[in-house]
There are 4 protein chains.
Amino acid sequence: MKLKLKKNAYGKNAINVSKVIRHPDHHEFRQISVNVSLEGDFETAHTIGDNTKILPTDTQKNTVYALAKDHFTDSIENFGLYLANFFIINNPHVSKATIEITEHQWSRMAFDGVTHPHAYISSGSEKHTATVVQTVDKITISSGITDLLILKTTDSGFENYIKDQYTTLRETADRIFATQCEASWEYTTHKLDFTDLFTTIRKALLKTFAYHKSLSVQQTLLAMGYAVLEANNVVKEIDLKMPNKHHIPFNLDQFGMDNNNEIFIATDEPYGYITGTVTRE
Amino acid sequence: MKLKLKKNAYGKNAINVSKVIRHPDHHEFRQISVNVSLEGDFETAHTIGDNTKILPTDTQKNTVYALAKDHFTDSIENFGLYLANFFIINNPHVSKATIEITEHQWSRMAFDGVTHPHAYISSGSEKHTATVVQTVDKITISSGITDLLILKTTDSGFENYIKDQYTTLRETADRIFATQCEASWEYTTHKLDFTDLFTTIRKALLKTFAYHKSLSVQQTLLAMGYAVLEANNVVKEIDLKMPNKHHIPFNLDQFGMDNNNEIFIATDEPYGYITGTVTRE
Amino acid sequence: MKLKLKKNAYGKNAINVSKVIRHPDHHEFRQISVNVSLEGDFETAHTIGDNTKILPTDTQKNTVYALAKDHFTDSIENFGLYLANFFIINNPHVSKATIEITEHQWSRMAFDGVTHPHAYISSGSEKHTATVVQTVDKITISSGITDLLILKTTDSGFENYIKDQYTTLRETADRIFATQCEASWEYTTHKLDFTDLFTTIRKALLKTFAYHKSLSVQQTLLAMGYAVLEANNVVKEIDLKMPNKHHIPFNLDQFGMDNNNEIFIATDEPYGYITGTVTRE
Amino acid sequence: MKLKLKKNAYGKNAINVSKVIRHPDHHEFRQISVNVSLEGDFETAHTIGDNTKILPTDTQKNTVYALAKDHFTDSIENFGLYLANFFIINNPHVSKATIEITEHQWSRMAFDGVTHPHAYISSGSEKHTATVVQTVDKITISSGITDLLILKTTDSGFENYIKDQYTTLRETADRIFATQCEASWEYTTHKLDFTDLFTTIRKALLKTFAYHKSLSVQQTLLAMGYAVLEANNVVKEIDLKMPNKHHIPFNLDQFGMDNNNEIFIATDEPYGYITGTVTRE
C-alpha cells in the first residue's frame with residue numbers, strides 16, 4: 001500500500017494591517033487581519049524539499065501590505081477579491097487562493113453631537129469578516145460577522161422537550177437568551193455593494209433576533225436565516241453558529257427568597273452549541 | 001530567627017451575576033463580575049487549620065447573589081458599598097473588606113430610531129469598574145474604566161528624545177497614538193451620584209485624549225488626569241495606565257513606493273507601558 | 001424560490017469532567033472536556049419550535065457526568081465510543097452523534113526517585129484528543145494531539161524559493177523551526193489499544209521532527225505523516241497542522257555586532273500556516 | 001488646590017527574546033519575555049512634552065536584544081541584574097529601574113534514554129520569573145514561579161467554618177485541592193547561585209504541597225512558605241497566591257447513583273483566592 005499527500009495548503013495568517021485614509025475633513029481609520037492560503041502544485045516541496053514553486057509566506061505578507069496602499073480603499077470584500085486574483089494571476093502553479101479578512105470596527109468619537117475628525121474608539125468585539133476563494137475558473141465570496149454578543153431578557157422559552165433518566169432541567173416559558181453569534185453568508189456574484197449589503201443583512205439578523213418569539217435557539221436561528229435570504233436575492237446561503245451562553249437562575253429559595261427571573265449565574269462553560277445552514281432549494 | 005505571616009487575604013473572585021430589572025416599558029439588563037476579599041484575624045486558620053473564623057468563599061458567593069436581589073438596584077459603586085459594609089458588620093473579626101466590581105456594558109438595540117424594550121447588544125470590551133475598601137473606621141471608594149480602546153490618527157508626535165548607541169527609532173511629528181487605557185479614580189466621599197460622575201469623567205478622558213496635541217504619551221496622560229481633577233472636586237486622585245499599542249509604518253520604500261503615513265503594521269508585543277498618578281497637593 | 005434548512009447540529013460543548021480513580025497504591029486523576037453534537041430529524045424544532053424530539057443539551061451534559069462513573073475507565077477513545085453509542089441507541093431520531101474529548105495531561109509528582117501517590121502537576125499545554133462519529137451504520141474514530149509546542153534550533157533551512165518584486169526574506173540554511181503542532185489521525189477500526197497506539201504515534205511524530213533534515217516545514221510535515229502511516233497499519237490517514245512560529249534573527253549589525261544565529265525576536269503574529277493530510281492510496 | 005504628578009513610570013513590556021547557545025555537544029535554547037520600567041526625573045516630559053530626558057521604549061527594547069548576546073548567559077536573575085544596572089549607570093536622571101523577566105521552560109527531547117542535541121519540547125505553562133529593582137543605592141532581587149498547576153486528590157479537607165444564613169457548602173474531610181500557584185520570594189543578597197536556588201525552592205514548594213495534611217488552603221499556603229524560609233537563609237520573604245480551582249462533586253444521587261468522591265465538575269469561575277506573605281521577624 002502506497003502513501004500519498006492529499007489535501008494540503010500553506011500561507012500566512014494574522015497579517016495585521018492598519019490604514020489611515022485622509023479625507024478633506026476627517027481621517028478614516030481601518031484595521032484588518034488577513035489570512036492568505038494557497039493550494040496547487042506543491043507536491044515536490046513536500047516530497048523532496050524543492051521550494052522553487054513556493055512563494056514564501058513572508059512574501060505573501062509583504063504583498064498584502066504593499067497592495068493595501070492602492071487597493072484597500074473600500075470594502076474588505078473588494079480588497080479580498082483583489083488579493084485572491086493577484087495571487088492566482090501571478091502564480092500559475094497556484095490552483096486555489098483563499099483570502100480571509102477580519103475587520104476590527106472603530107467609530108469616530110463624538111462630543112455633544114460633533115464627530116471628531118480623527119479620534120476613534122473601538123466599537124467592540126464584533127467584527128466584520130470576508131472570505132474570497134478563487135480558483136482558475138471560479139470565484140466564491142462570503143461575508144460575515146463574528147463575536148456578535150447579543151441577548152434578550154424575555155420572549156424566549158424552552159419546553160416540551162424529551163425527558164429521560166438524566167433530565168434535571170426545568171421547563172420555562174421565560175428565560176434569558178444570550179449568544180455570541182457567528183454568521184457567514186455566500187453571495188451569488190462578486191459585483192456588489194458589499195458595504196451596503198453588510199449593513200442591511202446585519203440589521204436583518206439583529207431585528208429578527210430581537211422580535212422573534214423564541215421557542216428554542218434552533219427556531220430563532222432558522223428565522224434569522226430566513227429573514228436574510230428572503231430579503232436579499234444576492235445571498236445564496238447563510239451559515240449560523242449560535243452558542244447558548246447560559247444565564248442560570250440562582251436558587252434563592254434556599255434563603256427564603258423568591259427569584260422572579262431576576263438574578264442569574266452568568267456562565268461560560270459548558271455551553272449549548274446550535275448551528276445551521278439555510279439555503280435555497 | 002522566627003517566621004511570621006505578614007499580609008494575607010482570602011475571598012472569592014469572578015462571581016458572575018446577571019440581573020434583569022423589569023421596568024413598565026422595558027427590561028434593564030445588568031451583568032457584573034464581583035471579587036470579594038477579606039482581611040482580619042485569620043492567623044489560626046494558617047497556623048493550625050482552625051477554620052472557626054473563616055467565612056467560606058462559597059458563602060461569600062451566595063451572599064453576593066442573595067444581596068443582589070434587593071441591593072443591586074443602581075450603580076455598582078452603591079452595591080459595592082452595601083456588600084463591603086455587610087461583610088464588615090456581620091463578621092467582627094474581619095478588619096478589612098475589599099469589593100471589586102466590573103460591569104460589562106450592554107446597550108438596548110435600536111431600529112429606525114426605536115429602542116427595543118428587551119433586546120441588547122454588547123457595548124464592547126470597555127468595562128466600568130468600582131472598588132470599595134472598608135475597614136472598621138474608614139471607607140475608600142474608587143471608580144474606573146478598563147479595556148478602553150482608543151486611538152487617534154494624528155495630533156501625536158515623538159521627538160527630541162535621548163539618542164544613544166542603541167537608538168534606531170526615527171523621530172516623527174505625526175504618528176498613530178493607540179492605547180488600551182485603564183483609569184481608576186478615588187472619590188473624596190461615598191455619598192455621590194456615581195452614575196452621573198462616571199459619565200462626566202469618562203467624557204473628560206475621551207475629550208482630552210481626542211483634542212490634545214500630543215508630544216508624548218506621558219504628556220497626554222497628564223493632561224487627561226488634570227482634566228478630570230480640575231472639573232471634579234470630588235475626585236481625590238486618578239491613576240492612569242496607557243500601554244502604547246504601536247502601529248509601525250510599513251517600509252514601502254523597498255518596493256519603490258511611498259508610505260505617506262498610510263500603511264501600518266499593527267502590533268501587540270512588545271508594547272510601551274506608560275503609567276502615572278495625578279493627585280492634589 | 002423556496003428556502004430550506006441544510007446541515008444543522010446541536011449539542012453541549014465544554015463539559016468539563018474530572019475523575020479520581022482510587023487504585024490500591026495510588027490515585028489516578030483524569031481531566032477531560034467533552035463536546036457532544038447531534039444531527040438528525042430536527043426539522044420541526046427549527047420550523048415550528050416543536051421540541052418533542054430535542055434531547056436538551058443540559059441532559060446531554062448530565063449524561064456525560066453520569067456515564068463517566070462506570071464507563072470512563074481507560075482511554076478517552078473508549079469513553080467516546082461508549083457515549084456516541086449511548087446517544088444513538090437511546091435516540092432513534094438521531095442519525096449522527098459526534099463526541100469530541102480533549103484530555104488535559106497530569107503527571108504524578110516525583111521526589112528523589114519516588115512517585116507520590118496522589119499529588120499531581122500539569123504536564124503542560126499539550127493535550128490528547130479523540131473524536132468519535134457514529135451514524136446508524138458506521139463508526140469513525142480519530143485520535144490526536146493539540147498544542148504540541150516543539151522546536152529545533154538547527155537542521156532546518158529554507159532556500160531556493162520564488163523571488164518576486166515583494167521578496168525581502170533572506171535564504172537561510174540554518175534557522176529555528178518552531179511550531180504548535182496539531183495532529184489528528186483516523187483509525188481503520190475501533191477495537192484497538194488506543195493508549196498504547198497514542199504513545200507510539202506521538203513518539204513517531206516527535207522523533208521524525210527531531211531527526212529530519214528540514215528543507216521546509218512542508219517537507220517535515222510530510223515526513224512526520226509518512227512515519228506514522230508506515231509504522232501503523234491501523235492508521236488510515238493523518239492530518240497535520242503546523243503553524244510556523246517565527247523566530248526572526250535580531251539585526252545586531254546596526255550596533256556593530258554579529259548575530260551568529262544567536263539572538264532572535266520570538267513572534268506570535270503573523271505566522272506561517274502549513275497544513276497537509278497524508279493518506280493511503 | 002494645586003495638582004501634581006505623583007508616582008509615574010514608563011518602559012517597554014513583552015520584549016520577547018529567544019537565544020541559542022551552541023555547546024560542543026548540544027544546543028541550549030532559552031526563551032524569555034522582558035519588561036523594563038524606569039522611574040526618575042521625567043516631570044517635564046509630562047508637563048511640557050520635553051522628551052530630552054526620555055530614553056525611548058524602542059531603545060530599551062533594542063538594548064535588551066543587544067545585551068542579550070553577551071550578558072544573557074546563565075540565569076535570568078543575573079541578566080536582570082545586568083540590565084537594571086546598565087539602565088541606571090547610563091541614565092543619571094533615572095532613579096529606579098525595574099526589570100521583570102519571565103522564562104518559558106523548554107526541555108530537550110529524549111528518545112529511548114538518549115537526549116536529542118537540539119530538539120526541544122515545551123515543559124508546560126509553568127514559568128520561572130525574576131524581578132530586579134535597582135535604585136541609586138539599593139538592589140532588590142526576587143525570583144518566582146507562575147502558572148504552576150498542581151493538585152492533590154486527597155489529604156485535603158475543609159470543615160468547622162462559620163455557618164450563617166447564606167451557607168450551603170457541605171463540610172468535607174476529603175476533597176480535591178487544585179491551584180494555579182504563583183510564588184515570588186525576595187533574596188537577602190544578589191550574589192547567589194540563582195539556578196540552583198530556584199530548583200531547591202521549587203522542590204520545597206511542591207513537596208510541602210504534596211505531603212501536607214491540608215485543613216484549608218490557608219494552612220497549606222503557610223506551610224509552603226515556612227518550608228522555603230526554614231531551609232533557605234538567603235530568602236528574606238515569600239509571597240504566595242493560591243487560587244482555589246474548585247472541582248465540585250457532581251450530584252449523582254439524583255440519578256440513583258453514589259458519587260464516592262469520583263466524578264467532579266471542573267470549574268474556572270468563580271474561584272477562591274487565597275494569598276499570603278511569610279517573612280522573618
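Me: Two strands are said to pair if DSSP finds at least two bridges between them, and with that idea in hand I would like to read one case: which residue stands opposite Ala9(A) in strand 10 of chain C?

Reply: Please keep in mind throughout that this is a predicted model. In it, Ala9(A) has Thr275(C) opposite, and Thr275(C) belongs to strand 10 of chain C. The two strands concerned are strand 1 of chain A, residues 3–22, and strand 10 of chain C, which pair in the antiparallel sense over nine bridges.

Me: Where could I look for a pairing between chain B and chain D, and over how many bridges do strand 1 of chain B and strand 10 of chain D pair?

Reply: You can look at strand 1 of chain B, residues 3–22, which pairs over nine bridges with strand 10 of chain D, again in the antiparallel sense. One place to start is Tyr10(B), whose bridge partner in strand 10 of chain D is Ile274(D).

Me: What does strand 7 of chain D pair with, inside chain D?

Reply: Strand 7 of chain D pairs with strand 6 of chain D, residues 177–187, in the antiparallel sense over seven bridges, and eight bridges join strand 7 to strand 10 of chain D, also antiparallel. On the strand 6 pairing you can find Ser184(D) opposite Asp239(D), while on the strand 10 pairing Ile238(D) has Val278(D) as its bridge partner. Strand 10 of chain D therefore appears in two pairings described here, one with strand 7 of chain D and one with strand 1 of chain B, if we count as pairing at least two bridges.

Me: Is strand 7 of chain D mostly covered or mostly uncovered?

Reply: Strand 7, which runs over residues 235–244 of chain D, is mostly covered, with seven of its ten residues buried.

Me: How do I read a contact between two whole chains, and how many residues of chain C are in contact with chain A?

Reply: A careful reading begins with the residues, goes on to the area, and ends with the particular atom pairs. For these chains, 73 residues of chain C are in contact with 73 residues of chain A. The area that chain C and chain A bury between them is about 6,300 Å², with 59% of it on carbon and sulfur atoms. Of the area that chain C buries against chain A, 12% is supplied by Leu3(C), Ile162(C) and Tyr166(C), which is more than any other three residues give.

Me: How many salt bridges are there between chain C and chain A?

Reply: The count is three salt bridges, and one that you can look for joins the side chains of Lys2(C) and Glu281(A), with 4.0 Å from N to O. Polar contacts are counted too, and 33 residue pairs, both at pLDDT 80 or more, are in polar contact between chain C and chain A. On the side of chain C that touches chain A, the elements giving two or more residues include helix 1 (43–48), helix 2 (57–71) and helix 5 (217–231) of chain C, but strand 1 of chain C gives the most, with 14 residues. Sorted by class, that side has 30 nonpolar, 28 polar and 15 charged residues.

Me: How many residues does the contact take from chain D and from chain B?

Reply: The contact takes 73 residues from chain D and 73 residues from chain B, and the area buried between them is about 6,300 Å², of which carbon and sulfur atoms give 59%. Two salt bridges are found across this interface, among them that of Glu237(B) with Lys6(D), whose closest N and O atoms are 2.8 Å apart. The residue pairs in polar contact, both at pLDDT 80 or more, number 34 between chain D and chain B.

Me: Why does Asn62(B) count as buried?

Reply: A residue is called buried when its relative accessible area is under 20%, and Asn62(B) counts as buried because its relative accessibility is 2%. Asn62(B) lies in helix 2 of chain B, residues 57–71. Leaving aside residues up to four places away in sequence, Asn62(B) touches Phe250(A), Phe255(A), Tyr166(D), Thr167(D) and Thr168(D). With Tyr166(D) there is a particular detail, for a polar atom of the Asn62(B) side chain lies 2.9 Å from the backbone oxygen of Tyr166(D).

Me: Finally, how many helices and strands does the secondary structure of chain A come to?

Reply: Chain A comes to five helices and ten strands, and its C-alpha trace spans about 75 × 70 × 40 Å along its principal axes. Of the 281 residues in chain A, 61% are buried.

Notes: Residues numbered from 1 in each chain as written. Chains lettered and ligands numbered in written order. Heavy atoms only, no water. Contact = heavy atoms within 4.5 Å. Buried area = accessible area lost by both parts, 1.4 Å probe. Polar contact = N/O pair within 3.5 Å; in protein donor to acceptor, adjacent residues only side chain to side chain. Helix = DSSP H or I, 4+ residues; strand = E, 2+ residues; numbered from the N terminus. Nonpolar A, V, L, I, M, F, W, Y, C, P; charged D, E, K, R; others polar. Buried < 20%, exposed > 50% of the residue type's maximum accessible area, 1.4 Å probe, protein only.
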